[in-house]
Amino acid sequence: MPMAIRRNWQARDPEAKAESGKYKNPIPSRTLILQVLEERGAPVPFDDLVETFDLGRRERKALSNRLGAMVRDGQILPNRRDGYC
């Protein structure tokens with residue numbers, strides 16, 4: 001993901017306002033995560049997603065939980081070797 005998006009993912013996230021109202025430390029919405037995965041066109045490792053969104057330790061845990069929920073809900077597939085797709 002281009003550096004400009006990394007620094008300002010909230011400007012690109014269509015649900016950023018709602019997310020910031022719900023959470024003290026907002027993370028990318030499911031919608032933006034899906035967009036990033038589609039743009040990459042290949043599985044994306046967890047650490048790459050953390051770096052893409054420039055997340056800290058607290059946000060990293062929250063992203064892990066969100067990705068788990070997305071897997072549970074059938075929105076994405078985990079690939080232990082390569083990441084999420």
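With which residue does D73 form a salt bridge, and how far apart are the closest N and O atoms? In this predicted model, the partner of D73 is R30, and the closest N and O atoms of the two lie 2.9 Å apart. This pair links distant parts of the chain: R30 belongs to helix α4 (residues 30-40), D73 lies in the loop between α6 and β1 (78-79), and 43 residues separate them.

D73 also meets R72 in a salt bridge, and R30, R72 and D73 are thereby linked in a network of salt bridges. Within this network, R72 is exposed, with a relative accessible area of 63%. D73 is partly exposed at 42%, and R30 is partly exposed at 25%.

A further salt bridge joins D47 and R60. It links helix α5 (residues 46-53), which holds D47, to helix α6, which holds R60, across 13 residues of the chain. D47 is partly exposed, with 45% relative accessibility, and R60 is partly exposed as well, at 34%.

A search of the whole structure finds four salt bridges; the table lists some of them, including those described above.

| Salt bridge | Closest N to O distance |
|---|---|
| D73 and R30 | 2.9 Å |
| D47 and R60 | 2.6 Å |
| D73 and R72 | 3.1 Å |

E59 presents another case. This residue lies in helix α6 (residues 57-72) and is buried, yet has no salt bridge. Side chains of opposite charge can pair when their charged atoms come close. For E59, the nearest side chain of opposite charge is that of R58, 6.8 Å away, whereas a salt bridge requires a separation within 4 Å. Leaving aside residues up to four places away in sequence, E59 touches N25, P26 and I27.

Key. Residues are numbered from 1 along each chain as its sequence is written. This is a predicted model: local features need pLDDT of at least 70, side-chain atom pairs count only at pLDDT 80 or more; totals for chains, interfaces and linings use all residues. Side-chain values use heavy atoms; hydrogens and water are left out. Helices (H or I, at least four residues) and strands (E, at least two) are DSSP runs, numbered from the N terminus. Buried means under 20% relative accessible area, exposed over 50%, partly exposed in between (1.4 Å probe, protein chains only). Lys and Arg count as positive and Asp and Glu as negative; His and the chain ends are not counted. Contact means heavy atoms within 4.5 Å.
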